[in-house]
Each structure stands twice: as C-alpha cells, then as structure tokens.
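Someone meeting a structure for the first time may well ask what lies behind the words used to describe it. The exchange is built around questions of that kind.

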Amino acid sequence: MKESDYHIDIPTKVVEYLNLKPNEPMNLIVEKDGISLEKADTAQSMSWDFSSLWSIVPTILTSIIFFIYFSLEKRSSIKLTGNHSIATATIVLGLISGTILFTIFLIKARKSSVNLTYRNIYWRNFPTIIISFAAILLIFLLGIFWVFVRVFMGVTFGIYTSTMIFLIFDLIINTFMINIADNITPTVLVDLLAVTIIGGLIISMLANSNRHWWRHNISFLGTAKATDSWQFNLTFIFAALLMVALVDYLFVSIKPLHRPKVPTFILRVLLTLMALDALGVGLIANNRKIPWMHVWHDRFAWAMAFDIIILIFSIKWLWPGISRRFLRASNLMGIMIIIASVLFKNIHYFSLTAYEIFASALAFSWIMMLFQYILKEINQGTHQFIVKVKINKPIK
C-alpha cells in the first residue's frame, strides 16, 4: 500500500505550537504501543556537534588548569580522594563548569524551543532550578567520592594519569549537565527529587551503620555525633530547593487546565510550606547542646508532618475531581500514618526510629504519588491530543 493512502489530522493548536508549515516533513517514530511524530530537524547533526563542542572545550580548559595547578605544587603523585586530590578538583572545577553549561543550555532551550515544557519555565524559576541542579550535582559528586574513599583508600596516580582521569570525570559531568538542560521536564524533576532524597538518606545511613544510628532516631544522622552529618542535612536542603522549583514549575503548567483558583492556590501554598519546612530541618541540625536548634529542628519536622497530614485528608477539596482510586490510596496512607502515631505515642509499640521510618516512607510515597498524578493531568490537558487516521483508499 502506498504511503499516501493514510493521513493524520493534526489539531490546529499543535500546528500553532510547533510552527508547522504546509507539507513540512516530520519524523514518525514507531513505539511500543503506537507512534509519535517529531519535527524533522535538518540541523540535528549540527546541534549535536555544537553540544559536543561545548562539553569538550570546557573539559580541556579545566584539565589544563588541573595540570598547571599540580605542576606548580610539584607533586610527583596525586591522591584519588582527600585534600588536594583528583576528587577535590573534580568536585570544585566540575561543579563550576557543569553549572555554567547547564545554565547556558537551559537559557538557550528556553529562548529557542517550541516545546511547551520550556515555555512553562518563567525567568523567576531559573535561579531555583539552577541552584537545585547544581546542588544535586554536588551531592552526587560527594556521594560518588565518598564511595571511592572506602573502595580506593590510599590510591595515588602520576600527574599525567591523574589529568586523564580528571578529564574523563569532567567530560562526563559536562555532557550530563548539557543533556539534562536540553531535556528537562517535570518528570525529570520528580525523578531527581526521589533520587536525591532516597540516595542521600541511604548514604547517610550506611555511613553511620557502625554508630548504630537506629538506636537514636533519623535526626541523629544530621547531628555532630554522626559520621559525615553534612550528607543528611544537605539532602534535606537540596530536596527542599528542588521541591520549591518543582512546585512552581508544576503550577505554572497547571494554568491552561483552568483549575479552581482558591483550592489550587491553597494546594500550592501547602506544598511550598512543606518544602520550606524540609529546608528548616536541613539548615538547623538537631543539636541538643544548643537548645534553640533542637527546638526549631523539632518544630520544622513536626510542621512538615502536620502539613502532609492536612494535604492527605484535604486533597479531595484541594483538587476537585480527583480520581476515586487516588482518594482511596490517599485515605489508606493517612489512616496508616495515624495508626503508626498511636502505636508510637500511646501504646509505645513503635520506637522513635521505627515510627519515623514508617511514617516518612508513607508520606514520601504519597507526595511522589501526588506529583505523578498532577503531571498526568497536565499531560492530558496540554500535551496529549486526539487525532484521526484517515484512509484514502479501502484496504483490500
């Protein structure tokens, strides 16, 4: 059968969004459950070369800086981790180059893209998004080299080998940050939020396994008694910054859905307050030797928990028309948190650590579930369209 026997009607709204011209060729991609159409980008190879050049040139420059610095230090061997090491240089120079490239390509994508995702990024979102991704890159690098400290303890290399290792690390960082900036979506932000929280907490728990942190509580991981308490505190700080950016991003994207203004505004305020409470938990460590720090740490922690309880049991009114399946799951999670609270506070069945882990896991799962639900609503309302496939000739 000829190619011209089938035609697809594309909604006018999509044509306007993509600036399609009559008879403009498009790429049809066959996927698992259907097909997708993309604008045929004749400059795709040039764009790829441009992106590659932008990742390679800064990498070479930072590698030259690395080589000159350690040559002037007159070091015959350079440690993989520790002070004045490959790890230190990668974290400092990689963070700077990666963040700069992320910023450049995010601005470039915002100005030139016809993608609705980038149109929903306001300039006021840029500082928060850039800081969030820089923070995630930092905690990722710190986590990776924390593992290297324990796996490659005491390893050293010559200056030429060290420069090559640094070049590879920095090239990976720069390429990763450029690709993220080119392909950032709300889904990416949600996934990174989950990875940041789960990854940061797991690293903190592993680092303190020999200190039996579970005999105290989760907040112990952020105190001076813990090993590398910065990991726990930075996890909350970075997750809070990312959540602020995500909430702003999502609720800008919600506008075309014409949701009820007052409930939507209250939902946005509650989610933002929860993020700010998490920021307070990270900024103020649970230090019992300094009374005001202990008091305010607990206040922010309980405020965050109280905020989540309000969200869970009021989501029916905050998001009118929410599915019954989501409501059933939401009510079940809320009831389980209340039961866990009773078992901890009244019956004393749960220890503080067990209660915090159980309640936190439920609350975190619910927040991720809510973000995914909102994303689905946004996609259905602004990114998904009904099209018809027309057959010019009958199938024989």
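What follows is a series of questions and answers on this predicted model.

Q: What makes up the protein chain in terms of helices and strands, and how much of the chain is buried?
A: The chain of this predicted model has 12 helices and six strands. Of its 396 residues, 41% are buried, a word that stands for a relative accessible area under 20%.

Q: Why is Asp248 called buried, and what is Arg268 called?
A: Asp248 has a relative accessibility of 13%, and because buried means under 20%, Asp248 counts as buried. Arg268 has a relative accessible area of 25%, which falls between the limits of 20% and 50%, so the term is partly exposed.

Q: How do you know that Asp248 and Arg268 meet in a salt bridge?
A: Their side chains come to 2.2 Å, N to O, and a salt bridge asks for a side-chain nitrogen of Lys or Arg within 4 Å of a carboxyl oxygen of Asp or Glu, so the pair fits the definition. Asp248 lies in helix H8 and Arg268 in helix H9, so the salt bridge ties together parts that are 20 residues apart in sequence. The structure holds one salt bridge.

Q: What makes the span of helix H9 close to the expected one?
A: Helix H9, residues 261-283, has 23 residues and reaches 33 Å from its first C-alpha to its last. The expected span is 1.5 Å times one less than the number of residues, and for H9 the expected value is 33 Å, so the two are close. Among the buried residues of H9 are Leu267, Leu270, Leu271 and Met274.

Q: How does the span of helix H6 compare with the span expected at 1.5 Å a residue?
A: Helix H6, residues 159-182, has 24 residues and reaches 34 Å from its first C-alpha to its last, close to the 34 Å expected. The buried residues of H6 include Ile159, Ser162, Thr163 and Phe166.

Q: Which residues touch the most other members of the largest nonpolar core, and which helix gives the most to this core?
A: This core has 69 residues, and Leu267, Leu271, Ile315 and Phe371 touch the most other members. Helix H8, residues 229-254, gives the most to the core, with 13 residues. A second, separate core of 10 residues includes Ile78, Ala89, Leu93 and Phe166.

Q: What does Ile315 touch, leaving aside residues up to four places away in sequence?
A: Ile315 touches Leu267, Ile322, Phe326, Leu327, Ser330, Trp366 and Leu370, where contact means heavy atoms within 4.5 Å.

Q: Why is Leu72 called exposed, and of what patch is Leu72 a part?
A: Leu72 has a relative accessible area of 69%, and because exposed means over 50%, Leu72 is exposed. Leu72 is found in helix H2, residues 44-72, and together with Leu53, Ile56, Val57, Ile60, Leu61, Ile64 and Ile68 forms a nonpolar patch on the surface, with about 740 Å² of accessible area together.

Q: Why is Phe67 called partly exposed, and what does Phe67 touch beyond residues up to four places away in sequence?
A: Phe67, whose place is in helix H2, has a relative accessible area of 29%, and this lies between 20% and 50%, so Phe67 is partly exposed. Phe67 touches Ile159, Tyr160 and Thr163. The C-alpha atoms of Phe67 and Ser162, which are 95 residues apart along the chain, are separated by 8.6 Å.

Q: Is Thr81 buried or exposed, and where is Thr81 found?
A: Thr81 counts as buried because its relative accessibility is 12%, a value under the limit of 20%. Thr81 is found in the loop between strand S4 (78-79) and helix H3 (86-112), and touches Ala87, Phe145, Phe148 and Val149, not counting residues up to four places away in sequence.

Q: Where does His84 lie, and what is the phi of His84?
A: His84 lies in the loop between S4 and H3, and phi of His84 is near 50°, a positive value in a residue other than glycine. With a relative accessible area of 38%, His84 is between the limits of 20% and 50% and so is partly exposed.

Note on methods:
Residues numbered from 1 in each chain as written. Predicted model: local features only at pLDDT ≥ 70, side-chain atom pairs only at ≥ 80, totals over all residues. Heavy atoms only, no water. Core = buried A, V, L, I, M, F, W, Y, C linked by side-chain atoms within 4.5 Å. Buried < 20%, exposed > 50% of the residue type's maximum accessible area, 1.4 Å probe, protein only. Helix = DSSP H or I, 4+ residues; strand = E, 2+ residues; numbered from the N terminus. Patch = residues over 30% accessible without salt bridge, like charges linked within 9 Å, V, L, I, M, F, W, Y side chains within 5 Å. Areas by Shrake-Rupley, 256 points an atom, 1.4 Å probe, with all protein chains shown as cover.
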